[in-house]
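This report introduces a protein model to a reader who has not met it before. Please keep the sequence and the structure in view while reading.

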Amino acid sequence: MDPKAEAILQSLSRAFENCPVEYQFANELHKFRLEWGPVHWLYVAGTFVDDHTVQEVLDSLDRWRIADTFRRSEQSRWLF
């Protein structure tokens, strides 16, 4: 697994303790599946990951409030 994708996976796992987080890579997309109540998907473009440092990627996830959005949602979400 790409080290930056691993960092995203670890970040999501920390944000959602006791929640299974799965990783897939297909069609130049890093895909993260979370079972937090409803199932949520986070899709991150391979080019975005390639063009940024690990810290920039993680800072972007925080800035975009990905974890908060998933936590507050009562229905499944797909975020790109």
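## Hairpins and sheet

Strands β2 and β3 form a hairpin with three residues between them, and glycine 37 in its turn has a positive phi of about 70°. The model is predicted: local features need pLDDT of at least 70, side-chain atom pairs count only at pLDDT 80 or more, and totals for chains, interfaces and linings use all residues. Residues are numbered from 1 along each chain as its sequence is written, and side-chain values use heavy atoms, with hydrogens and water left out.

Helices (H or I, at least four residues) and strands (E, at least two) are DSSP runs, numbered from the N terminus. By this rule the protein has four helices and four strands, and along the sequence they follow the pattern α-β-β-β-α-α-α-β.

A second hairpin is made by β1 and β2, with two residues between them. In its turn, asparagine 27 has a positive phi of about 55°.

The four strands make up an open sheet in the order β1-β2-β3-β4, with mixed pairing. At its edges lie β1 (21-26) and β4 (78-79), each of which pairs on one side only. Two strands count as paired if DSSP finds at least two bridges between them. Strands of a sheet pair through backbone hydrogen bonds, either parallel or antiparallel. The pairings in this sheet are set out below.

| Strand pair | Sense | Bridges |
|---|---|---|
| β1 and β2 | antiparallel | six bridges |
| β2 and β3 | antiparallel | seven bridges |
| β3 and β4 | parallel | two bridges |

Individual bridge partners can be followed across the sheet. Between β1 and β2, tyrosine 23 has phenylalanine 32 as its partner, and phenylalanine 25 stands opposite histidine 30. From β2 to β3, arginine 33 is partnered by tryptophan 41, while lysine 31 is partnered by tyrosine 43. Tryptophan 41 also has a bridge partner in β4, namely tryptophan 78.

## Burial

A residue is called buried under 20% relative accessible area, exposed over 50% and partly exposed in between (1.4 Å probe, protein chains only). Of the 80 residues of the protein, 39% are buried. Strand β2 (residues 29-35) is mostly covered, with five of its seven residues buried. In strand β3 (residues 39-45), five of the seven residues are buried, so this strand is largely enclosed by the rest of the structure.

Where does leucine 58 lie? It belongs to helix α3 (residues 54-63). Leucine 58 is buried, with a relative accessible area of 17%. Apart from neighbours within four places in sequence, leucine 58 is in contact (heavy atoms within 4.5 Å) with Ala7, Ile8 and Ser11. Its C-alpha atom is separated by 8.9 Å from that of lysine 4, although the two residues are 54 residues apart along the chain.

## Overall dimensions, surface and charge

The C-alpha atoms fill a box of roughly 35 × 25 × 20 Å, taken along the principal axes. The radius of gyration is taken over C-alpha atoms, and the globule rule is 2.2 Å times the number of residues to the power 0.38. With 80 residues, a compact globule would have a radius of gyration near 12 Å, and the protein agrees with this at 12 Å. Among contacts between residues at least 6 apart in sequence, 43% join residues at least 24 apart.

The protein exposes about 5,000 Å², of which carbon and sulfur atoms supply 48%. Accessible areas come from the Shrake-Rupley method with a 1.4 Å probe; for residues, only the protein chains shown count as cover. The mean positions of the 9 positive and 13 negative charges are 6 Å apart. Here Lys and Arg count as positive and Asp and Glu as negative, while His and the chain ends are not counted. Each charge is placed at NZ of Lys, CZ of Arg, CG of Asp or CD of Glu.
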